[in-house]
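The exercises below are meant to be worked with the sequence and the coordinates side by side. Try each task before reading the solution that follows it.

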Amino acid sequence: MAENHTQIPIRFGAAKPEDRAKVTELWDICGLTRPWNDANADFDFALAGPASTILVGMIDGDIVASAMVGHDGHRGYVYYVSVQPSFRDKGLGALVMREAEQWLQALGVPKMNLIVRSGNDAVVGFYESIGYQVEPNTQMGKRLDGN
C-alpha cells in the first residue's frame with residue numbers, strides 16, 4: 001500500500017470481477033477506451049492470470065482510480081491508468097502508479113514500461129514528474145485479432 005500524502009482517504013486493492021462495470025466506466029470517462037479494444041475483455045483477461053491484476057483506489061466505497069498492471073516475466077507494464085476527473089490534481093495518479101510499482105516489486109519484476117499515445121504531452125509530463133523517462137526505443141505492434 002502506498003503512503004497517502006494527499007490527505008484523501010483512499011484505499012487501494014485488487015479489483016474483483018464484480019467491479020468490472022465500474023472500472024470500465026471509469027476508463028471510458030477518462031478517455032482510455034478505444035473501439036478496437038474490448039475493455040470488458042481486457043478487464044477479465046487481467047484478472048484471469050497470476051501475472052496481472054487491476055488495482056483500484058476507493059474513497060467511501062467508490063472506485064475513483066485504477067491501473068491494469070502485469071508482467072511478462074521480464075518487464076512490468078501498466079495500462080488504463082485512470083483517476084476520476086473530479087479527483088484529479090490531488091496526487092491520486094502518483095499513488096496509483098506507486099501501487100502498480102509495488103505490486104510488480106513484490107513479484108521481483110525489476111523494471112516497468114508504459115506506453116503513452118503520441119501527442120499526449122501532458123501525460124508524458126505527469127510520468128516524468130514521478131520519475132519515468134522517455135527511452136530511445138521503437139515500439140512496434142501487430143494485431144493478432146483481425147482488427
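**Exercise 1.** Which residue just after helix 3 takes a positive phi?

*Solution.* The residue is Gly-108, with a phi of about 85°. Before going further, note that the model is predicted, that local features need pLDDT of at least 70 and side-chain atom pairs pLDDT 80 or more, while totals for chains, interfaces and linings use all residues. Residues are numbered from 1 along each chain as its sequence is written, and side-chain values use heavy atoms, with hydrogens and water left out. Helices (H or I, at least four residues) and strands (E, at least two) are DSSP runs, numbered from the N terminus.

**Exercise 2.** Compare the expected span of helix 3 with the distance between its end C-alpha atoms.

*Solution.* The expected span is 1.5 Å times one less than the number of residues. For the 15 residues of helix 3 (92–106) this gives 21 Å, and the end C-alpha atoms are 21 Å apart, which agrees.

**Exercise 3.** Describe the order of the strands in the sheet, and find its edges.

*Solution.* Begin with the order: five strands form an open sheet, 1-2-3-4-5, with mixed pairing, where two strands pair if DSSP finds at least two bridges between them. Strand 1 (11–14) and strand 5 (112–114) each have a single partner strand, so one side of each is left without a neighbour in the sheet. Strands 1 and 2 run antiparallel and are joined by four bridges, and Arg-11 stands opposite Met-58 in strand 2.

**Exercise 4.** Which residues of helix 2 are buried, and which are exposed on the other side?

*Solution.* Take buried as under 20% relative accessible area, exposed as over 50% and partly exposed as in between (1.4 Å probe, protein chains only). In helix 2 (residues 39–48), the buried residues are Ala-39, Phe-43 and Ala-46. They cover an arc of only 70° around the axis (taken from the directions from the helix axis to the C-beta atoms), which puts them on the same side of helix 2. On the other side, Phe-45 and Ala-48 are exposed.

**Exercise 5.** Where is Ser-82 found, and what does it contact outside its neighbours within four places in sequence?

*Solution.* Ser-82 is found in strand 4, and its 2% relative accessibility means that it counts as buried. With contact taken as heavy atoms within 4.5 Å, its partners outside those neighbours include Leu-26, Trp-27 and Ser-66.
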